[in-house]
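Got the viewer open? Let's take a walk through this one, a stop at a time.

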Amino acid sequence: MTSRAAADDDGHRPAADDDGHRPAADDGFRPGAGAGAGAAAVAREAADNGIARIGARRLAVIGGSVIGLACAWSAARTKLATEVVIYEPDESGPDGVPAAAAAWVAGGMLAPFSEAWPGEEAVFALGVDSLRRWPDMLDALEPYVPPGPPVRTGTHTHMLAVDEADARDLDMAMEWAARQPDSTDADLRRITRRELREAEPSLARVARAAYRMDSEGAVDNRVLLAALTRACRAEGVRWVRSAVTSLDDVDADRIVLAAGSGSAELAGLPVRPVKGEVLRLRARPGCEDPPRGVVRAFVRGRPLYLVPRDGGLVVGATQYEHGDDRQVTVAGVRDLLADAETIFPGIGEYELAEAIAGLRPMSPDNLPFLGADPTDPRVIHATGHGRNGIALTPVTVAAVWAALHAVRGPAAARAAAPDRFARG
């Protein structure tokens, strides 16, 4: 397999687009002097294109979870606006992080290959683009990570299927992903049962098919949120702790809409809440060690993930179309634990530390809405990420950065244009 998005010398940065344009927002993650150099390069490009750079006296970000925090930090650290303000009424989590948001609940997986599905070429390409950008973002964020566990918690993924029907579906999906121009041998390969046992000896010997993704993994969602909050504060971002009911009431030159499922009411976007339940387990003395990396599986047709986390595991996730429902159900917990024990028998000795549900902001085609609003020049959309909000954070910041500078953004983000449904 060959990669269309070839890497730079460090193996991480996406190459220029097909039209020769390097995504402007790549430089938004360069720490230190690189950030200033990147901003200067973007300004030069805008001038070369005959486009005036769009600055702002006041930039308002509506929504203070992972997407809003990352966009605010990017804008503030490159001095795009004189003032950057996050509108977020929920400060129920540690250090004012919104604990009701989907990112607080999430497993934090960076997993475009293990989530690949035939027919979702645009979703896949966007996920791969974002995955390539994560190393730069983590490097830039490192000074703000609080003492304790690191942001990155897994550096590879194993994907497996338990029965023959699930194995056929998994093989179909992975063979499709391997044929995509964004795939490389390092991203995705089929492994034997013996290789799986050597890599993850604590797993049950139930796999009918197994794959390994060395470029995937996971981040600790709560450490990430804490680090982004600290980074925003260090750059002078401030918070307004009140709900926004109309964008017309927001006093700002530019608005980044990152309000999740709340974006439907604020901007008329087709974003709906989809409930997901997640369990957090804590290891007890004498328990079997958790898996070394992320483990994803199909168990009797149901998707499952086990994500190693400091001192335990995150197990997820159910998916229900129940509207604004954040209650954890007995059936959801039962199914998650039963499927998890099928894959990892030692899980029964772990402590059930937390059962929590969140609302994923889903769009009809599983793509987010990224870029300038076609009717309101003040508004830039960064919403509707579904179950991939954390995974798509870097490419979303890239798309917002480009929109704020009136230059072309990542090629993979063009399919996520906010007006794509209006165009028919």
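Start by selecting Leu279, which sits in strand β11, residues 272-282. Keep in mind that this is a predicted model. Is Leu279 buried or exposed? Leu279 is buried, with a relative accessible area of just 1%.

Now show what surrounds Leu279. Setting aside residues up to four places away in sequence, Leu279 touches Leu313, Val314, Val315, Val333, Leu336, Leu337, Leu352, Glu354 and Ala355. Pick Val315 from that group: Val315 and Leu279 are 36 residues apart along the chain, and their C-alpha atoms are separated by 5.0 Å.

**Zoom out**

Colour by secondary structure and you'll see eleven helices and 17 strands in the chain. The chain has 424 residues, and 58% of them count as buried. Take the contacts in the chain with a separation of 6 or more: residues 24 or more positions apart account for 79% of those.

**Into the core**

Next, select Leu224 and Leu228. These two have the most contacts inside the largest nonpolar core, a set of 76 residues. Which helix gives the most to this core? Select residues 66-77: that's helix α2, and its share is nine residues.

Stay with Leu224 for a moment. Beyond its neighbours within four places in sequence, Leu224 is in contact with Val66, Trp134, Leu141, Val151, Val219 and Ile390. Apart from this core lies another one, of 24 residues, and you can find it by selecting Ala207, Leu313, Val315 and Tyr350, which are among its members. Two of those names should ring a bell: Leu313 and Val315 were on the list of residues that Leu279 touches.

**Two helices crossing**

Select residues 121-141 for helix α4 and 393-405 for helix α10. They pack at an angle of about 90 degrees, and their axes are 6 Å apart. That angle is why α4 counts as roughly perpendicular to α10. To see the contact itself, show side chains on both helices: α4 brings Leu126, Asp129, Ser130, Arg133, Trp134 and Met137, while α10 brings Thr393, Pro394, Val395 and Ala398. Trp134 also appeared earlier, as one of the contacts of Leu224.

**Strands side by side**

Go to the open sheet of three strands, ordered β3-β8-β4 with antiparallel pairing. The edges are β3 (109-110) and β4 (152-154), each of which pairs on one side only. Now look at β3 alongside β8, residues 217-219: two bridges join these antiparallel strands. Click on Met109 and look across to its bridge partner in β8, which is Ala218.

Then jump to residues 369-372, strand β16, and 379-383, strand β17. How many bridges join them? Four, and the two strands run antiparallel. Leu370 is a good one to click, as it stands opposite Ala382 in β17. Follow the chain from β16 to β17 and you trace a hairpin, with six residues making the link.

**Last stop: the cysteines**

How many disulfides does the structure hold? Zero. Select Cys71 to see one case: its closest cysteine sulfur is in Cys232, 9.7 Å away, so the two are too far apart for a bond. Cys71 is buried, at a relative accessible area of 3%. Finish with Cys287, which is buried as well, at 14%.

Terms used:
Residues numbered from 1 in each chain as written. Predicted model: local features only at pLDDT ≥ 70, side-chain atom pairs only at ≥ 80, totals over all residues. Heavy atoms only, no water. Pairing = 2+ DSSP bridges. Disulfide = S-S within 2.5 Å. Buried < 20%, exposed > 50% of the residue type's maximum accessible area, 1.4 Å probe, protein only. Core = buried A, V, L, I, M, F, W, Y, C linked by side-chain atoms within 4.5 Å. Contact = heavy atoms within 4.5 Å. Axes fitted to C-alpha atoms, helices over the stretch in contact; angles between N-to-C directions. Parallel < 35°, antiparallel > 145°, perpendicular 65-115°, else oblique.
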